[in-house]
Structures are given as structure tokens and as C-alpha cells.
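Welcome, and please take a moment to turn the structure around before reading on. The paragraphs below are meant to be read with the structure open beside them.

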Amino acid sequence: MESWRRQYLGLESVPAALTSAEIEFFFAPGEQARWLIGNRRRPLTRLGLILQIGFLRMTGRPLALFERLPAAVLACAAAHAGMSAPRIATLRSIYRRRMTLFQHQRIAAEAIGFRVLGEHATRKLTAHLRRQATIQLERDDLVQDARIWLYDRQYVLPGIRPLEEMAAAAQLNALEALASSIRNAVGPDVSAAWADQLSDRGPGSGGSSLLDWLRAAPSGYGRKEIADIQDRIAMLRRLGADRIALPDLTIDRMRQHSRGIARRKAATLSRLREPRRTVEIGCWLRLQLLELTDTVLEQANRRIGQLWGQARRVVEERALEELNRYRVGVVTIIGALDDPCLPENALRSAIERAVGPFRSMPTSGGRIQAIRAEMAAAPKRLRMLLRQVGELDLVVPDDHPLRDALGTLSVVYRTGTTGLARWENNPFPPTSARTITGAGTDEARLAAYEVATAMLLKRSLRNGSVSAPHSIRHRSVDDQLMPAEVWAAVRGTTARRHGWPASLEAYLRRFEEPLSLRMEMLQEAIAAGEIGVTGDRFQVPKLQAVPKDPAVDETRLRLFQAIGSAQLPDVIVETDARIGFSTTLLGRPARNPDELEALYAGVLALGTEKTASDMARMVDGISDDRIELAMRGIEEGGRLRAACDQVAADMLAQPVARMWGSGVAASADMMSLDATRHLWTARIEPRRRTPAIGTYTHVSNRWAIVYDQPIVLNQRQAGAAIEGALQQKVADLQRLAVDTHGFTHFALATAKLLGFDLSPRLADIASRKLYLPASVRVPEQLEPRVEHIKPGRQARKGWDGLLRMVTSLEADYGSPATVIERHGSAAQGTPVYECGTYLGKVLRSLFLLDYLIKPGFRREVHRLLSQGESVHLLQRALMAGRIEAKHGRTLVEGSAISGALTLLTNIVMAWNTNAMQTVIDGSPAGTLPEPHLAHIAPVAHRHINMNGRIRFAIEEYGRLVHAGGRKNRNGL
């Protein structure tokens, strides 16, 4: 069934918010139903049967006697029954005899081919739910999955209670199987003692439990902080977390099972019943080990980067001082030469004095060598770090130079040696090796050896050649791809489906003709004076701004005057009443207004700069503890992505949204969010020089944010761009516009093989060369701007590996961001990297030619990125302050902040879109021309007050709260 219909399955009443198209779709009878309806003599009887058929088609359930019916639904059904719409509230006046109701329910099922669920089908459904219980961990999701299974097979849906009982039984079966696997892995005695051990007092003088100590967020990346994380990893190993390496236990499943432990008090662990206790604690211990391993590796990586940065600043300051001394010496020499009265001996003496300070200066091996030497001059802090790194559980291949380097240092540290002899093993590349052998003393040689080891470790972690077995982000690249035997089995089918040939050369041949044609078009554009060539640069005319039409401004003013002003709380409540995102966030309808208020306040606190205490002061009747609890529930519930998608889908479904774009293009860019410097995940924002964290958003050309994720500043964003386009479920993307940070040649090739195009706005695009295969015809005038390339042996060898990687990302085997990051510049020389980079260079040249010769295409790329920036302005209006250290310390908290901000942004845009559509529908034809509406974006926010005291008018929308009610137990 279509995804939009799933929201109506199992409902007990007709929703009041059905659109006219939906009412017609469900309640207009088909051919067979018309014949059955026509046999009824009384108009009210025909009306009742139409309503029964439509409701069963919509919800899969029979319509109860006492359910209220919206006037629009009655009007539609009455029109098909050949009568005027009656003024009735329920079906009671139609079905005075209950037997008639049951008869109509049976006829309605026959009319659309539905049947009653029997014993055989129940067994099949039970087996299906047991399989799904290993994937869908929420009971509500299992119940919904059962409804979809039944509806697709044309079974009448039973009441909620039988489905919940079947879902609970399936969950219990899955939990018992997983608990048995965990007990077998660690031993029954170990798992039985977990609750008591985690409730005992943890290390330190704070008096907190072991559970609280293990789940505390890291506070930095200094020596003490790294040692603290290592102590926690050691404790988790003693608890057996390293042995819970179950092949069928995915990261997502671990996260879902461990959510309860993340916010549970240690004293309540023993109250959990089996098998839930073993499963939740075991999954939490395993997940904590994986995340803390990632944390300690990131801490080591950042510490090395910090020491490198400090040494770089010293070198740069020294270079500036040397430059000033050179200037003084040169000025002295020039002054002596310009004095015609100065004797030759005096001139020689003056020059000798000027150059004297430079005679004793050592020769420089370059900036990098100077930084390495500066780091080696103060080896104490780096030595402490490498001692800690030596205790990590790293997998280093036998032929990797880091293996020998860490082994040598381990012997040195264990024996207490203070230096390194010349004959010691030197496994580093020539540049680093010369620095080590050129050191004057054994102590200096050891310090240079440590610097080379640290930088090799940093590079190896980036390219994935060194991995950690108990990790999420730092698993080996091969572990994040589909198994080789699976790839061998699906390679042929996958290649035929995508149209991939057997070799890289065959794939490249499909681009030869387009490249040749575009080179001719570029030559014609140069001859016509549309593009210039000066030396080694293209002269690309600047795009002229599209003239502003005053009539568009007038239309915009009329439109928003008709919309009027609003309060942000009212926008949230009204949008929720129409879309129901709160039900998605909670996993069920809200039970009372207080729960909804706390949820809204929690979303606002996460998505703005306000804390729980700030929100409690702004919302009457809600304590900061309740808001904090709601924030934790949102963070750990994992439903923010689904809620954002729900709001975005509603916005994109509005007719006015189709005027804004095709829906197949989007832009991706990062926005920095100011943060306190005490947040260890924060980085310095380069332009404003303030601490910040990043949120990376994918914005459709119809303005909705279709994906978001937290991101670390000052890193390549190409992996995040690929991940968002691949993981989003709202739009069918064919083109993604990014800036220079979101682009690499490897990412460009990966995106193409995944089925969409990256369109980068490149920095200094006029000076970029065109990389073309030798078979492409190049006009003589353009030869200086072209570099002919051909695939090397490594590139040809990497074609199969590149296709395996792309298929793995498509099948969700690993994180696209992590896999793309592992194939960055640090992976040079590997076959997959060389193949992807070569293909990316050719694709970038094809894109660049289109960019140069097609001004409309260039304008479209710029327009997409400008849309993203406009959405960022709305996000900055919502997040006006900075993020404090209480939230955003972990990946889960960072994802919640990014997701809540995206949800609020989509809510504002969806409310604007719906308000615009309402005004358009109520306006005379031609008063709001479509060409004008295409230029009016839903990111306006000046008419929405985002400050002041907050009141959620929930009582005005009664359907927001589900207080429970009579279940429909009427049978067929």
C-alpha cells in the first residue's frame, strides 16, 4: 500500500482533517460496490453501506455505530447515494437494528475483497512478527507492521488488543533469543551479576554508582581525560562487554535496547524482569564500549592535532621574527650601498655586520620539518600520550610501519630507555626517516621517532588502515562493507540493475562523446566572447542578478498581510493538530495536555539556546525537571528524524510547494551553532573565531529540510553530503548542490554511482584544469587548460572494490560519512581511492564544462545554495544564543539538538506553507499569480513572535490528546 495511507490504518473514527481528494479516494464506491449499493432501496441504507465500505477501505476496520462523522465525508457519501447530505452526528439513526449494522459490515468486506482473519493466517502473521521483532523494537511499530501485513493481504483488522498481544509475544520471543545469546557469550554468572555491580559505588570520591561513572560524558582530551576513558574501557572489559560481539546484533538494535538504561537510576536495575534486564544491560555495556573506544581514539587524535597546532604557531612566530631580522639586515646593506662616500673597507664591514646573525642560523628543511622539530624539542606531553596509545586495543596489519613503530616505543617505555640508538628500526617514509637519522643525540632521535609515530597514527586512523575491533567509527573499512561472499553473490545482479560494465575503462567510454561535444561548445563560447581565456585561467562572466519585479513584492505583502502575525507556540500547536508530529515523537498519542506541554517545551529547549530552567520560567505550570525529562526522552527516543520527515512531507504535499521547484534537487551545507568553550566536541569557527558545533542540513528546492546531522567543524563534509542524500526518505533526489567543503573527487564518483549528481560550487573555479581521457578531442586553444590522464594499474584494479563499496552504502552496511572519510587524501595509493579519484576527476571536468557553457545551469547551482543559506537565516532566528555544556556532549545529544532545530524550522515553514495555501485557495483567481508565488519562500519569520512568555493553546485542539475511550468491538 502507498505510504501516505498507512497513517489511517486501525483508526476508530474518521479523521476531521481529511482532504477532499482523500475523501473521494476512500468513499467513492467502485464498480462492484455500486451494484451492491444500488440494490438497497432506502437512501439512508445506501448511505450507511457507502460509509462502511469507505471506512473499511481507509482503516481496514469496520465502522462503529457511535463514531462521529465529519460533514465533508457525509456530503461525499450522500452524493454517491443519490440524496442530500443528512444532518446526523453518528450512524445510530441509520442502524436502528444492530443486525443491519453487522450485515452491512459483512457486505462492505465482500465488496472490496476483505475476509476475516483465520487460524492459518494468524500463524503466518505470528511468524512475520517474530521476524520483524528483531528489527522493529517498539511495540507500536510492530502493531502497525501487523496492520500493514493484514491490509496488504486483504484481512479485516482485528481490535488493538489482539494485535498488541501478538506484538508482545513476538517481542518476548526475540528478547529471550537475544538474552540467551548474551548469556552464552559472557557466561550466565557474569550476566546475572551485572545489575548488582552497576549499582555499587563507582571509582572516585563523588559517591556515584558505577553506572553513573560509566555513562558520564567526556570533559576534554587532556591526559587525565584520556586516562579516565581508558579506565572505563577496562571496567567494561571486566564486565564482559568485549565478548558481546554477536553477528546479528546491529548498532541500531543495540541503541534501541539500551535507551532505557541511559536514563535509568542504578538502584532500579534489579527491578527489571528477565529477559529484558539481560538484554538491556548487555546491549548498553556493548554500545558503551564501542562509543568510548571511538571517544578515546578521537581524544588521541585531537591531542596530537593540538600539539601540532601549538608547534605550528611557534614555528610561524619564529619565521616572522626571522623575516623581520632579514628586513633589518637588508635595510642596513641598502643604506651602506647607497652611501657614495663610504670606503670599500667600511662597506665590507657594514655588510659583514648585517649578515653576521645569519651565518649561524641552521638550514631549514621546510615548514613541516620545522614543526616536527619543534614538537620533538618538547617531547614530554607527546610521550605521555603515546604511552596511553600503547594501551589501546588497535589492529595494525603486520606489514604496516606503525606496527614496528609502536613495538619499538613499547620496548623503550618498558625498559625506561631515554634515547634511541642509530641502529634501531626506522620504518617511516623517507622524509620522516631523514629527520630521525639526522638527530644529533639518542634523546633527540627518540623524540623525533615519537613525533613520526604520532603523525603516522593520526594518518592511519583517518584512512582506516589501522582499526579498533570494538568500535563504531574506527572499524576497519572492510568491516563496514558487505562481506566478500555476499558481494560475489549479488555483483552480477547489482551491475545489471545499475548498468555498470565489467571494467573502469568501459564505464569511462560512456563519457567520451559528451566530453568531446562540450569541448566544442566551450570553444564556440570562447570564439563568441562569452568566455575568455587568459594564460592559465578562464574568464567567466559574473552572473547578473535577475531584475526584481515590484509586482512580486506587492503580492508577497498582500499574502502575508492576509496571513497575519502569529506566536511561535500557536504555530507549533496548530501544526501538530494538523500533522500529528507529537504522536510520532512520543510513539503514541499524548495522554493529557500536561504531557504535550512538556514535550513542546522540551523541543523548544533542545532546538533553541534556552535551557530547561529558562523554559520553565517562560511556561506557566511546568517545572524544569519535567522539561528536562522530556528533553531526555526526545534525545533517547530516536524519533526526531521521523517527526522531521513527517512535517517535511506535509509541506511538500501542498500545491504551492510545486511552484517552488521540481523536488528532485537539493542543497547541502553546514551551519555553525555557537557553543561554550567547555563543550569538548566544539571547534573554533574560522571566520568568527568562536567555539561552535555544526549542523549539516539537506534543503530541498521546495524549501523543506529533508535531512540533518551534527558535524564537527573544520572537516571535509563530502561524506555528510553523501550520507544525507542516501539516508533521507522524503524526496527523490537527482542533484545535490554543495560548496567546496562538501566536495572531493572520490565523493563525486561515489554519488554518480549511487544515482545522483553532486554539483559543487568550487572555489577559484577559473583556474581549475580540465582532466580528460586521452581519447577526448581537445581544440588547440584549450590544450594549456587540459591535463590528459589515463587510469593507472591501481585505479583499474580498484573498480570492483569501488562498486562493492557503493553497493554496501546502498544496502546500509556502514555509515557513508565514515566510509567516505576513510577514502580521503590519507588513503592515497589504495586501489579503491585511486579508482574513485580518477573517475571523479573526469566527472568533475564534465560538470565544469556544463558550468562554464550553461549560464542557466550555473544559476541553478547558485540558487540551490542560496536557498540553503536562507533556511539557515531562519534557523539562526530560532537558535539565537549559544549551546551550553549541559547538552551536546555526546553524539546522541548533538543529534537531538540538530534534529530539534530542524523540526522547529520545518514546523515554521510548514505553517507558512499551509497558511499561504489557505489564502491562495480563498482568493479570486488571478489575484495571486503563480509566477509571483514561485518567488515567495516560506522562510519568512518576522510575522512570528519567537520571544516572550509561552502558552500552548492545547485546549483549542481537543484531538491532540488521547485520553482513552471505548474500543470498537463490533464484529462482522
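What follows is a walk through helix packing, a buried glutamate, salt bridges and cysteines. Please keep in mind throughout that this is a predicted model.

Let us begin with two helices that pack against each other. Two packed helices are described by the angle between their axes and the distance between those axes. Here the pair is H12, spanning residues 223-238, and H17, spanning residues 380-389; their axes come within 11 Å and cross at roughly 5°. Since angles under 35 degrees count as roughly parallel, H12 and H17 are therefore roughly parallel to each other. If you would like to display the contact, select Arg 223, Ile 226, Ala 227 and Gln 230 on H12, together with Met 384, Leu 385 and Gln 388 on H17. Sorted by class, the residues in this contact of H12 with H17 are four nonpolar, two polar and one charged.

Next, look at Glu 450, which sits in helix H20, residues 442-463. Is Glu 450 buried or exposed? Its relative accessibility is 0%, so Glu 450 counts as buried. Which residues does Glu 450 touch, leaving aside those up to four places away in sequence? The neighbours are Pro 379, Leu 382, Arg 383, Leu 386, Leu 409 and Tyr 413.

Now for the salt bridges, of which the structure holds 41. Three of them make a good tour. In the first stop on our route, Arg 312 pairs with Glu 316, and the closest N and O atoms are 3.5 Å apart. Both belong to helix H14, residues 276-337, and because they are four residues apart there, about one helical turn separates Arg 312 from Glu 316. Arg 312 has a relative accessible area of 28%, so it is partly exposed. Glu 316, at 39% relative accessibility, counts as partly exposed too.

Move on to helix H30, residues 640-652, where Arg 641 and Asp 645 lie four residues apart, about one turn of the helix. Their side chains meet in a salt bridge with an N to O distance of 3.1 Å. How accessible are the two partners? Arg 641 counts as partly exposed because its relative accessibility is 24%, whereas Asp 645 has 14% and so counts as buried. The cut-off at work is that buried means under 20% relative accessible area.

The next stop is helix H37, residues 855-878, in which Glu 860 and Arg 863 are three residues apart, about one turn of the helix. Glu 860 forms a salt bridge with Arg 863, with 3.4 Å between the closest N and O atoms. The relative accessible area of Glu 860 is 22%, which makes Glu 860 partly exposed. For Arg 863 the value is 33%, and Arg 863 is likewise partly exposed.

Salt bridges can also be followed through a network here: Glu 628, Arg 632, Glu 635 and Glu 893 are linked in this way.

We finish with the cysteines. A disulfide is a covalent bond between the sulfur atoms of two cysteines. How many disulfides does a search of the whole structure find? The search finds zero. Two cysteines are still worth locating for their surroundings. Cys 76 has 10% relative accessibility, so Cys 76 counts as buried. Cys 341, in turn, has a relative accessible area of 68% and is exposed.

Definitions and conventions
Residues numbered from 1 in each chain as written. Predicted model: local features only at pLDDT ≥ 70, side-chain atom pairs only at ≥ 80, totals over all residues. Heavy atoms only, no water. Axes fitted to C-alpha atoms, helices over the stretch in contact; angles between N-to-C directions. Helix = DSSP H or I, 4+ residues; strand = E, 2+ residues; numbered from the N terminus. Parallel < 35°, antiparallel > 145°, perpendicular 65-115°, else oblique. Contact = heavy atoms within 4.5 Å. Nonpolar A, V, L, I, M, F, W, Y, C, P; charged D, E, K, R; others polar. Buried < 20%, exposed > 50% of the residue type's maximum accessible area, 1.4 Å probe, protein only. Salt bridge = Lys/Arg side-chain N within 4 Å of Asp/Glu carboxyl O. Disulfide = S-S within 2.5 Å.
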